[in-house]
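Please follow the chain shown here step by step, beginning with one helix and the residues it hides.

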Amino acid sequence: MSLLKPKSGQDSDYRQIGLLAAIPAILLAAPLIGFFLGSWLDKKFGTEPYLLIAGVLLGLGSAGLEVYNLAKKSAAMSEDKDDKRSGT
């Protein structure tokens, strides 16, 4: 069953690919959530378009922060992998 089990170095590659593959979904979902939540709050409080704009901006900011955190985590995983390969 060695075909189904990745080699020891490949599992970190797959984890890193999984982290980086989540970035487009985060960049799409966070501003959309902010848009719909801001739109709903605008209708509820009658403050059109201010809460919608605030929601989209908060969504973009949170998406950017999460992408930054994922990129840092991916870079750390890459450094760990390089350290293991070089033997230090």
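In this predicted model, the residues of helix H3 that count as buried are Gly55, Gly59, Ala63, Val67, Leu70, Ser74, Met77 and Lys81. A general point helps in reading such a list: an α-helix has 3.6 residues a turn, so residues three or four places apart point the same way. The cover over the buried residues of H3 includes helix H1, residues 10-21, and helix H2, residues 23-45. Helix H3 itself runs through residues 50-86 and has 37 residues, and from its first C-alpha to its last it reaches 54 Å, which is close to the 54 Å expected at 1.5 Å a residue.

Helix H2, one of the elements that cover H3, is also where proline 31 is found. Proline 31 has a relative accessible area of 12%, and because this is under 20% it counts as buried. When its neighbours within four places in sequence are left aside, the contacts of proline 31 are Ile26, Val56, Gly59 and Leu60, and Gly59 is itself among the buried residues of H3. The C-alpha atom of proline 31 is separated by 7.5 Å from that of leucine 58, although the two residues are 27 apart along the chain.

Helix H1 brings in a different kind of pairing. Side chains of opposite charge can pair when their charged atoms come close. A search of the whole structure finds one salt bridge, and aspartate 11 and arginine 15 meet through their side chains in a salt bridge at 3.5 Å, N to O. Both residues, aspartate 11 and arginine 15, lie in helix H1, four residues apart, about one turn of the helix. Aspartate 11 counts as partly exposed, because its relative accessibility is 33%.

Terms used:
Residues numbered from 1 in each chain as written. Predicted model: local features only at pLDDT ≥ 70, side-chain atom pairs only at ≥ 80, totals over all residues. Heavy atoms only, no water. Helix = DSSP H or I, 4+ residues; strand = E, 2+ residues; numbered from the N terminus. Expected span 1.5 Å × (residues − 1). Buried < 20%, exposed > 50% of the residue type's maximum accessible area, 1.4 Å probe, protein only. Contact = heavy atoms within 4.5 Å. Salt bridge = Lys/Arg side-chain N within 4 Å of Asp/Glu carboxyl O.
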